[in-house]
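Visitor: I am new to this structure and would like a close look at a single part of it. Could you take me through the open sheet, and then show me what lies around it?

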Amino acid sequence: NKYPDLVVVGAGLFGLTVAQQAVEHTGARVHIIDVRGHIGGNAYSYFDEETGAEIHRYGAHLFHTSNKRVWEYVNRFTGFTDYVHRVYATHDGVVYPLPINLGTINQFFRAAYTPAEAKAVIEQQAGELAGTDPQNLNDKGIQLIGRPLYEAFIKNYTGKQWQTDPSELPASIIKRLPVRFNYDNRYFRDTWEGLPRDGYTKWMERMIDDPRITVGLGVDFFDEAQPYNKKALKEAGVPVVYTGPIDRYFGYELGDLKWRTVDFKEVRYDEGDHFGCPVMNFSDADVPYTRAIEFKNFNPERRDSQNPDRTVVWEEYSRFAERGDEPYYPINTDEDRKLYAQYEAKAKAEPNTVFGGRLGTYKYYDMHQVIDTALTAYETQVAPLLNK
Ligand code: FAD
Ligand code: NA
């Protein structure tokens with residue numbers, strides 16, 4: 001048989017985790033293909049020669065989890081730095097800490113409110129739309145945190161994310177807007193967080209460092225000129241784990257699932273440090289990008305190998321994805337969810353094929369969630385196919 005025991009489509013964290021588990025538990029021979037020229041999926045990163053910064057090619061990635069199984073699993077392949085994620089926002093020429101907390105509130109109102117006083121002020125301001133049932137995001141935002149904070153920190157940022165005025169967005173996009181009535185601006189609330197010590201790509205290379213795992217890059221599952229294509233594998237009865245877009249698998253026959261994407265614009269500065277932090281949000285409409293990432297600042301422990309005089313920043317511009325764009329955030333309207341359910345039913349009926357990951361299940365997953373679902377999918381869906 002010229003084929004391996006399992007073919008994995010997509011070298012992202014879902015595919016790599018399943019491949020690693022298959023080899024570890026059954027000694028299977030696994031071939032991974034990816035249409036891109038590198039492994040790692042959207043968590044891929046590379047080192048920038050000029051500055052020494054680790055650039056997260058598909059947007060800033062921060063690892064965090066409270067899931068013990070996942071934390072133990074990832075620590076088999078990499079150590080983590082003690083990085084703690086914090087975000088700042090520029091509004092009207094002043095920098096504030098996020099998420100909105102007592103520091104933000106007191107700075108914004110030039111006050112010295114206690115937690116109880118701040119709570120009372122926000123409640124009073126939110127009372128503007130008390131007793132109404134907001135239908136659009138703008139009214140919903142005002143009802144949640146009051147007009148002043150909503151308009152300063154949420155309104156224009158959200159408008160840029162969706163390229164739509166919030167008064168024309170459904171209220172359902174936001175369920176809640178967290179406000180912290182203390183000075184804690186630690187972004188994540190998880191038990192563990194950090195960045196992979198020698199970078200994301202090294203971590204993921206170690207996951208598949210085994211002679212029984214082979215990788216084909218620049219290989220498209222739907223290209224029938226290459227041997228690991230959908231049609232040929234189906235005919236040969238080879239088990240497949242598919243982590244590409246589920247609508248693409250079925251030739252978009254029921255329609256396209258909708259996504260948002262992000263365009264990145266790289267800017268370099270003749271400075272060692274431009275923002276003084278890794279993530280700066282821009283809350284106002286006059287700056288066209290939503291936020292800027294200064295990658296050097298994710299890894300202060302690497303100062304000795306970074307250029308002290310130059311820095312690199314990526315500005316993020318958000319927009320709706322067309323076919324051919326990188327799909328990043330599922331839009332997830334009721335219509336999308338109905339369409340996904342129809343594709344999901346077809347996927348369940350597809351013999352010898354397991355659908356997984358963010359594209360295969362049309363879900364926004366953080367890395368730890370993707371790894372957790374991959375460990376479970378291996379046990380419940382992939383192992384039974386290998387033991388047949
Ligand atoms: P992917 O990483 O997308 O991998 C799927 C792979 O399949 C891709 O490499 C793709 O090229 C390949 N593929 C698709 N179609 C084909 C085909 N036809 N043939 C061959 N190969 C194909 N998570 C966090 O935990 N923390 C964060 O801070 C964070 N930030 C994020 C920021 C952004 C902008 C985005 C988009 C995501 C972020 N995530 C974050 C989520 C994280 O990227 C995902 O959880 C994870 O990368 C998903 O892994 P995956 O294997 O499911 O999918
Ligand atoms: Na299936």
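Guide: Let us start where strand E11 (residues 259-269) runs alongside strand E14 (residues 311-320): the two pair in the antiparallel sense over ten bridges. Strands here are DSSP runs of type E with at least two residues, helices are runs of type H or I with at least four, and both are numbered from the N terminus. Two strands count as paired if DSSP finds at least two bridges between them. Within this pair, Phe 264 has Glu 316 of E14 as its bridge partner.

A word on what you are looking at: this is a predicted model, in which local features need pLDDT of at least 70 and side-chain atom pairs count only at pLDDT 80 or more, while totals for chains, interfaces and linings use all residues. Residues are numbered from 1 along each chain as its sequence is written, and chains are lettered from A and ligands numbered from 1 in the order in which they are written.

E14 also pairs with strand E13 (residues 291-294), again in the antiparallel sense, over four bridges. There, Ile 293 has Trp 314 of E14 as its bridge partner. In general, the strands of a sheet pair through backbone hydrogen bonds, either parallel or antiparallel.

Now step back to the whole sheet. Seven strands make up this open sheet, in the order E7-E6-E12-E13-E14-E11-E15, and the pairing is mixed. Strand E7 (94-98) and strand E15 (329-330) stand at the edges with a single partner strand each, so one side of each has no neighbour in the sheet.

At the E7 edge, strand E6 (residues 87-91) is joined to E7 by antiparallel pairing over five bridges. Ala 89 stands opposite Tyr 96 in E7. The loop between E6 and E7 holds Asp 92, which has a positive phi of about 50 degrees although it is not a glycine. Most residues other than glycine have a negative phi, and most peptide bonds are trans. Asp 92 counts as exposed because it has 10 C-beta neighbours inside 10 Å; the cut-offs are 12 or fewer other C-beta atoms within 10 Å for exposed, 20 or more for buried, and partly exposed in between, with C-beta atoms placed from the backbone.

Past E7, the peptide bond from Leu 98 to Pro 99 is cis, with omega near -15 degrees. Pro 99 lies in the loop between E7 and helix H3 (102-108). Further on, the loop between H3 and H4 contains Arg 110, another residue other than glycine with a positive phi, near 45 degrees. Arg 110 is exposed, with 6 other C-beta atoms within 10 Å.

Helix H5 (residues 137-145) gives a contrasting view, with eight of its nine residues buried. Among them are Leu 137, Ile 142 and Leu 144. Helix H4 (115-126) and helix H6 (147-162) are included in what covers the buried residues of H5, where a contact means C-beta atoms, placed from the backbone, within 7 Å. Right after H5 comes Gly 146, with a positive phi near 85 degrees.

Finally, the setting of the sheet: the protein chain has twelve helices and 16 strands. Of its 388 residues, 37% count as buried. Its C-alpha atoms fill a box of roughly 75 × 55 × 35 Å along the principal axes.

Methods
Two residues are in contact if their C-beta atoms, placed from the backbone, lie within 7 Å.
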